[in-house]
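Hi,

Here is the structure I said I would pass on. Have a look at it first, and then read my notes underneath.

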Amino acid sequence: MYEESHPDKEQQQQGGREIGFQEANWSVSSHRPHWGPEKLRDNNPLTYWQSDCPDAKKYHIIDLTFRQATIIKQVSMFIDFYQDESYTPKTVVIRGGNSIRDLVDVLTFECPQTVGWVNADISEAARYELIRVFKLQIVIQSTHLNGRDTHIRQVKVYSVLP
């Protein structure tokens, strides 16, 4: 399931490229020991980032800070509802801006109760305008079954080729 529907092939055909650790600083709002942000990018669907927030009312956030203004094309997340159940993200908001002070909501989407990649097409949501940011946030506003923490197995962020 992971490889069959992986967004890399489609993005490469459309002139997209994946943004990695060398182009952005990846951080998370919280995590359990040994289940930090490095698990989001290890290309292993059996591992995951697990948030660790004692306050169930706070959002779980993945922050990307870019070294230069970067055009964002798509954000993809691999989720597994059947293993993660109440930890599975439900409502996700993508925010972008120049800094933490001027972030705006770019796209809000719902994750289904499934196993697979959930792709958020930023260019389509912005009516095919280019979204250029120094700061990108992926905000988990709620989880299925009202879980307190979240599991995300993989995150891929795509830009256009320079």
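Below is what I found, taken sheet by sheet and then residue by residue.

One caveat before anything else: this is a predicted model.

**The four-stranded sheet**

Let me start with the sheet of four strands, which is open and runs in the order β1-β11-β5-β8, with antiparallel pairing. Its edges are β1 (16–18) and β8 (115–121), each of which pairs on one side only. On average, neighbouring strands here are turned by 25 degrees against each other, direction ignored.

Within this sheet, have a look at the pairing of β5 (residues 74–80) with β8: the two run antiparallel and are joined by seven bridges. One residue to click on is serine 76, which sits in β5 and has asparagine 119 of β8 as its bridge partner. The side chains of these two residues also meet, through a polar contact of 2.6 Å between serine 76 and asparagine 119. A polar contact of 2.8 Å links the side chain of serine 76 to that of glutamine 74 as well.

Is serine 76 buried or exposed? Serine 76 has a relative accessible area of 0%, and buried means under 20%, so it counts as buried. If you leave aside the neighbours within four places in sequence, serine 76 is in contact with Pro7, Trp117, Val118, Asn119, Gln154, Val155, Lys156 and Tyr158.

Further along the same pairing there is valine 115, in strand β8. Its C-alpha atom is separated by 5.7 Å from that of isoleucine 79, although the two residues are 36 residues apart along the chain. Beyond its neighbours within four places in sequence, valine 115 has contacts with Met1, Phe78, Ile79, Asp80, Phe81 and Tyr82.

**The five-stranded sheet**

The other sheet to look at has five strands in the order β2-β4-β9-β6-β7; this one is open too, and its pairing is antiparallel. Here β2 (24–28) and β7 (104–110) are the edge strands, each pairing on one side only. The twist from one strand to the next averages 15 degrees.

At the β2 edge, five bridges tie β2 to β4, and the two strands run antiparallel. Serine 27 has aspartate 63 in β4 as its bridge partner. Which side chains of β2 point to the buried face? Ala24, Trp26 and Val28 do, while Asn25 and Ser27 point to the other face and are not buried, so that the side chains alternate along the strand.

At the β7 edge, β6 (residues 89–97) and β7 run antiparallel with six bridges between them. Threonine 91 has glutamate 110 of β7 as its bridge partner, and isoleucine 94 stands opposite leucine 107 in β7. How many residues make up the hairpin connection from β6 to β7? The hairpin joins these strands through six residues.

**The largest pocket**

The largest pocket holds about 210 Å³ of space. It is lined by 14 residues, and those closest to its centre are Arg17, Glu23, Gln68, Ala69 and Thr70. Both β4 (60–72) and β11 (154–160) supply at least two residues of the lining. The largest share comes from β4, with six residues.

**Two residues with positive phi**

Finally, two loop residues to check in your Ramachandran plot. Asparagine 43 is in the loop between β2 and β3 (49–50), and its phi is near 55 degrees, a positive value in a residue other than glycine. At 45% relative accessibility, asparagine 43 is partly exposed.

Glutamate 85 is in the loop between α2 (81–84) and β6. Its phi is near 40 degrees, again positive in a residue other than glycine. Why does glutamate 85 count as partly exposed? Because its relative accessible area is 46%, and partly exposed covers values between the 20% limit for buried and the 50% limit for exposed.

If you open just one spot, I'd go for serine 76 in β5, with its polar contacts to glutamine 74 and asparagine 119.

Cheers

Technical notes. Residues numbered from 1 in each chain as written. Predicted model: local features only at pLDDT ≥ 70, side-chain atom pairs only at ≥ 80, totals over all residues. Heavy atoms only, no water. Pairing = 2+ DSSP bridges. Axes fitted to C-alpha atoms, helices over the stretch in contact; angles between N-to-C directions. Buried < 20%, exposed > 50% of the residue type's maximum accessible area, 1.4 Å probe, protein only. Polar contact = N/O pair within 3.5 Å; in protein donor to acceptor, adjacent residues only side chain to side chain. Contact = heavy atoms within 4.5 Å. 1 Å grid on protein atoms, 1.4 Å probe; cavity = no way out; pocket = protein on both sides within 12 Å on 5 of 7 lines; lining within 4 Å. Points joined across faces, edges and corners; volume = space filled by probe spheres on them.
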